[in-house]
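Grab a pencil and have a look at the model below. Try each exercise yourself before you read the solution.

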Amino acid sequence: MSTWRLEWLRLVRTPRAISLGAVFVFFGLTEPALTKYASQIFSHVSSGAQITFPAPTPAGGVSSYVSQASQLGMIVVVVLAAGAFTFDSRHGLATFLRTRAVSMWQLVAPRFAVSAAAAAAAYLLGTLAAWYETSLLIGPVPAGAALGGILCGAVYLAFAVAVTGAAASLVRGTLGTVGLALVVLLLLPIAGLFRAVHDWLPTTLATAPADLLTGAHDLVHFVPMLAISAGATAGLLVLTVTRLRAREV
């Protein structure tokens, strides 16, 4: 059995694919509804305190989903990708795979591609759910901005998967890999507080869908970030392969 088929079966014959899709679709269905009925919900739980919310907008409905997808959804992606990349954490499995693979690329490439594709598909399903729910409850969503946001979100999640692979090459074990990857992905936006580097960080793509929907920027503005993210993803994969190849089992 090829490593590509093995990785695909590992995704679809376990709860991984369902759980990943369920998380994004859940946020896609619930966040626009929460945006629409936020004032009514808080009026029932605020014990008489008066809380005023701005009128819900289609951009706000989808943007609330984007916020959850780029945080909690990204965490789920990292956890699932870490499970794929940390095959060295089990000596027997590591020996079995390494002695049957022609090169380390043969082990890393399917794990990255399948994890990144699954993350992109889940993000797409979640966005379509948010798009539908927002159009139903609030108003029409700009199609061009939504499609551009899907592209930016998918590229960002692929970068997150590559960061997870690099983390797996630096530490052993799923927990350590998840922790290191999340630290990197959470610290990068802090670096983005400096305007000089903000527009060059791959993590800026996490909020790009919301910016596109609100009209703050168009897709052309994010082309440099898309190119840098693609280059950074490729570089991280080279680092992953190089370090895993040199690691002693």
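**Exercise 1.** Work out whether Tyr-65 and Tyr-123 are buried or exposed in this predicted model.

*Solution.* Start with the cut-off: buried means under 20% relative accessible area. Tyr-65 comes out at 0%, so it counts as buried. Next, Tyr-123 has 4% relative accessibility, so Tyr-123 counts as buried too.

**Exercise 2.** Find out how Phe-24, Tyr-65 and Tyr-123 are arranged as aromatic rings.

*Solution.* Take Phe-24 and Tyr-123 to begin with: their ring centres are 6.2 Å apart and the planes make an angle of 70°. Planes over 60 degrees apart count as edge-to-face, and that's the label for this pair. Phe-24 sits in helix 2 and Tyr-123 in helix 6, so the pair ties together parts 99 residues apart in sequence. Now try Tyr-65 with Tyr-123: here you get 5.9 Å centre to centre and 45° between the planes, a tilted pair. This one links helix 4 to helix 6, across 58 residues. Put the pieces together, and Phe-24, Tyr-65 and Tyr-123 make one aromatic cluster.

**Exercise 3.** Decide whether Leu-193 is buried or exposed, and say which surface feature includes this residue.

*Solution.* First, locate Leu-193: look in the loop between helix 8 and helix 9 (195-198). Then check the number: relative accessibility is 70%, and exposed means over 50%, so Leu-193 counts as exposed. Finally, look at its company: Leu-193 belongs to a nonpolar surface patch with Val-183, Leu-187, Ile-190, Phe-194 and Val-197. Together they have about 610 Å² of accessible area. Helix 8 gives the largest share of the patch, three residues.

How values were computed:
Residues are numbered from 1 along each chain as its sequence is written. This is a predicted model: local features need pLDDT of at least 70, side-chain atom pairs count only at pLDDT 80 or more; totals for chains, interfaces and linings use all residues. Side-chain values use heavy atoms; hydrogens and water are left out. Patches are made of residues with over 30% relative accessible area and no salt bridge: like charges are joined within 9 Å, nonpolar side chains (Val, Leu, Ile, Met, Phe, Trp, Tyr) within 5 Å. Accessible areas come from the Shrake-Rupley method with a 1.4 Å probe; for residues, only the protein chains shown count as cover. A salt bridge is a side-chain nitrogen of Lys or Arg within 4 Å of a carboxyl oxygen of Asp or Glu. Helices (H or I, at least four residues) and strands (E, at least two) are DSSP runs, numbered from the N terminus. Buried means under 20% relative accessible area, exposed over 50%, partly exposed in between (1.4 Å probe, protein chains only). Rings of Phe, Tyr and Trp (its six-membered ring) pair if their centres lie within 6.5 Å; planes under 30 degrees apart count as stacked, over 60 as edge-to-face and the rest as tilted.
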